Amino acid sequence: MRKIILFIFLCSTIVLQAQKKDKTIRVVTPQGYPCASIFIKKVMYSGLDYTDRQGYFTFKDVSSDFHIVINHKKYVEIPVAGQDTITVEYDPIISGYVEDSRSNSIKGIEVKLVEENQTRTVITDKYGFFSFVDIDIRKDMILQFKDSKKQYQNKIIRREYTFDQPLQVKMDQYISPLLASRTNTLGVVYLNNTTPTLSDEKSISYIEDVKSLKKSGNEYKPKEEKNRKSTAQQFEYSGSFSISTIGRTPKLQTEYAQGQSQDGELIWQGADKNQQFSWGPQISSLEYTDGSYAYDNNGALIGKGLGNGLKANSYDPANFFRTALSFNNSLSYRRTSFKEGVLHFTLNQSRINSPIPHSDQENYNGSLKIENMKTGKFTTSVAVLGKIGIEHFMNNGANHARLMHSLFTTPTTFDNNNGLNRKEAIDNNNSWQLTDGSMRSYAPEEVVNPYYMVSQLPDKDKNGTVKAYAYTEYKNKNFKTLASASYDYQWDNMTIGKVFTSPMQTLKRKENISDLRLSVQPSYKIENYRTKITFQGGYSFNHLSDEVDRMDAIIMDRSRNSNEVSYGMKFNRNNFFFDVYNKHYFSNTAKDYTNLFPTAAVRYNLYNPNFINDALYDIFDDDFLEYVGIRGSTSRSLGENPLVFRNRAALSTLQNSTNALKTFYEDREILPLSHKMKPEIYQNTDIGLEFRFLRNKFNVELNYYNNTTHNMFAPVNTEAGFSLDNIGRLNNYGFLLDLSYYLTSGWGDNRFYGVFNFNFNRARNKVKSVYEGKDKVQLAGFSNIGTFFAKDEPLGVIYGSTYKRNEDGQVLIDNDGFPVEDPTMKLIGDPTPNYIMNLSANLSWRRFSFTFNFEYSNGGDRWNGTQAYLDYLGMSENSASQRNIRGHIFDGVLANGNRNSKSVDFYNASLPIDQNRWVRYGADGVGEEYIQDASYLRMSDISLAYQLFKRDQNRFFEDATIAIHAENLLFLSSYKGVDPSSTLFGYSTGKGLDLFNSPSIKRYSLSVTLKF
């Protein structure tokens, strides 16, 4: 009963990860009313989004503080700590252009905005542009345009609108025909808080004369519409299901059988000989025997004409993967609650099945929030959030690489299924077990049958999160105080099975994390007509505790108490902004640092820079520059070491790759070297420029950054094992170019809207120093190849074996005629790409919307250890196509300095197997030979959506949308392995290393969203 109650309680909460969280921004007017369909963008990141009808937008998986820009004008810093929802004030405007039927700007047109208590008048400028600020979006208004006959053309602006995305529609599309008209024809326009836009054509009410408006004195007021839906509450349901298939896999040979040369002949040798190699005869030369064979129901293999006449089969190990079905259901309810607050309740349930059989993830999430409750001068938000998750056969240590190894090294003549279909092979132990109970695989002493792994291993992870927070704001004229409190509790119970043990051993790990945060942030504002100065202060307290049990014994129980004090000032005069503040940080787990963490930021916004347009007039013959923005910032901050370091990639660096595939598990913790450590210190500088051209249709944003990390954390090997320590200083620098183009045309049902975005990112880094006099520290990999933190080199450079060379750089050739391997680890590659480009678009026409995103990564090195291993075993496509090469002469010199002239055969059956071209160098091969270019082009995602119903067109549904979506639909790369974006064992520091990395996944989904 207690478990049932706990389950029901947790279903009223939502997912919150330990290191990443969702951050919701709500944009409101100074009066507190939501601004819907407002442009919102994360600074230095590509893409543009919009607030929903309640003024909300959520940034997913935020891990650090960031800046946003609202409607291209207002910049706001968003801290990752504190409340999950942040309210930002923005002053909406009504703006537009007046043009004639030939798209020529009409200047000098008188435009009136008729509101409930006032009437304001402006004149269009030389571009035909007009605007009104300080808009009360709660009220209906009328725009009046005075035509050439001194008659007013009236446009009603409702406080409601129909678009989920804003439009910037030129006013001439429905004004120009009226300028020559003698009647006061009226049309309805809906307000989207930035630009007056037309509603859907079917919902436009054309009114024949002014009598259709209610008149009050000398002012017109819109009549009330009947049966208009209230937005006081909203239900939303979204459901989706997806189909997932495995992506690109290594290219395998299907021509040669399991076995090797013996006495000058190629013979088949099977699992009873524990034969790993596929250097046997051609499959077409083999047939089955009549006698029983424990490892194959068809029998053993023998030369053609000596058996039963049945040809040898060839099996595709990739048939192991399934077509996986996943689904997601989400229910949301939002309504205006007591004290003007917004009640928001969500429930979510999802099941994600992997193409790997018996590998899945199930989540139950939810939340209950009451936001922006107003009591006098206080505005308060409270919430309860949480998650329950269960995973089976998740990636942990080398278990997924171990599975891929057992699959892709399977000789093409061996059937892992043993004649069963995939489902039967999983449910029936005849696929992986012999009658005597021993392992059935192609090499039982070296490799485990993949069906045994997915059906018998007890790998399971149960995890959950519960969080509660309260946030309140007190505002009294120019004084404001924010106070918040939150408590976050997370747990994780994991069980892992070890495959090469008999009986099977299990590893059990439990972790419990609690996180208490309290903060208060007072501020005082001084403001006059052109200048605003805001003084800010802050105090926060954080108690973090982490307890880890292994095999039911506590091995770590640590806690941290930290306090932070901050103070600063924001200055704004006209379009000039300057921010400066400082922080002091106190902690019981940090030592040896200067406790000053200042930040300074400056920004200048220049609108309609005529002096620039005048200077460029002769070149462009037009005024085209609308806006120039310049910004820059510099800061010093810190980050403390995690109480438990979760990147355990370093644990495999003491093993060679063959042993790691068998025995590497996350069976140990990596803890800080001492109770108190030096924190990482970050010194960051960035400079940005932004330009907008041609009536804001083109937007160019250029950012340069230069960041240095002092006291970087990484595991180091000590006498007591691996511990977390400070290893050195790292510099990151680069620039990001973002180009956007906004296109609108038509109106009503024929309205077309598009945003095209191009992003170019060139990032570089360099290790400035390695502490304790070391030249390098290994981050991931194995004893003979890995990624390193090396002085004066980029982060994560690859060191490995090479061919031995003389002083002139010529390869040395041994007496057999093959290149000589130098096992000394040397620099052989850099995984950092030269640059990354993204091209995306968001298009809508009528009720259709279409999006896509392309990503191109140029350069970067990868060590293809998978191909090295498959070459060694004779299972690669490369080893099949080259094994019969005869009389090859390697370019190089002999030990005496003479040029090599000795010819060799890549695979000579008369010689021992270890003399062949690939086996002679071992399973890892020579490291430098398997360094490959990692450039790729990928269509990351593409989607098409159709809106079945629109608001006010259906009495029950406010919105109903159906969409199809695809991920990784297109992938092109010269790299010979799986996706070059994959990393060794899934660790970030394993970038650049590929040893049976998991293939990427193609996903196709169908979703339905209903709002009512």
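This note walks through one sheet, the helix across it, and some aromatic contacts in a predicted model.

1. Start with the sheet. It is open and built from 3 strands, in the order β47-β46-β50. The pairing is mixed. The edge strands are β47, residues 931-933, and β50, residues 993-994. Each of these two pairs on one side only.

2. Next, look at how β46 meets β47. Strand β46 covers residues 861-864. It runs antiparallel to β47, and 3 bridges join the two. One residue to find is Asp 861 in β46, whose bridge partner in β47 is Asp 933.

3. Helix α9 spans residues 865-873. It lies across β46, β47 and β50. Its angle to β46 is about 25°.

4. Is α9 covered or exposed? It is mostly covered, with 9 of its 9 residues buried. Among them are Tyr 869, Leu 870, Asp 871 and Tyr 872. The buried residues pack against the strands β46, β47 and β50. They also pack against three helices: α3 (399-408), α8 (657-663) and α10 (877-882).

5. Check what comes after the helix. Gly 874 follows α9. The phi of Gly 874 is positive, near 80°.

6. Now the aromatic residues. The structure holds 34 aromatic pairs. Ring pairs link Trp 279, Phe 818, Phe 890, Phe 906, Tyr 907 and Trp 918 into a cluster.

7. Two charged residues sit over rings. Arg 603 is placed over the face of Phe 577, at 4.1 Å from the ring centre. Lys 776 is placed over the face of Phe 788, at 5.8 Å from the ring centre.

Terms used. Residues are numbered from 1 along each chain as its sequence is written. This is a predicted model: local features need pLDDT of at least 70, side-chain atom pairs count only at pLDDT 80 or more; totals for chains, interfaces and linings use all residues. Side-chain values use heavy atoms; hydrogens and water are left out. Two strands pair if DSSP finds at least two bridges between them. Helices (H or I, at least four residues) and strands (E, at least two) are DSSP runs, numbered from the N terminus. Contact means heavy atoms within 4.5 Å. Axes are lines fitted to C-alpha atoms, for helices over the stretch in contact, and angles run from 0 to 180 degrees between N-to-C directions. Rings of Phe, Tyr and Trp (its six-membered ring) pair if their centres lie within 6.5 Å; planes under 30 degrees apart count as stacked, over 60 as edge-to-face and the rest as tilted. A charge sits over a ring if NZ of Lys or CZ of Arg is within 6 Å of the ring centre and within 35 degrees of the ring normal. Buried means under 20% relative accessible area, exposed over 50%, partly exposed in between (1.4 Å probe, protein chains only).
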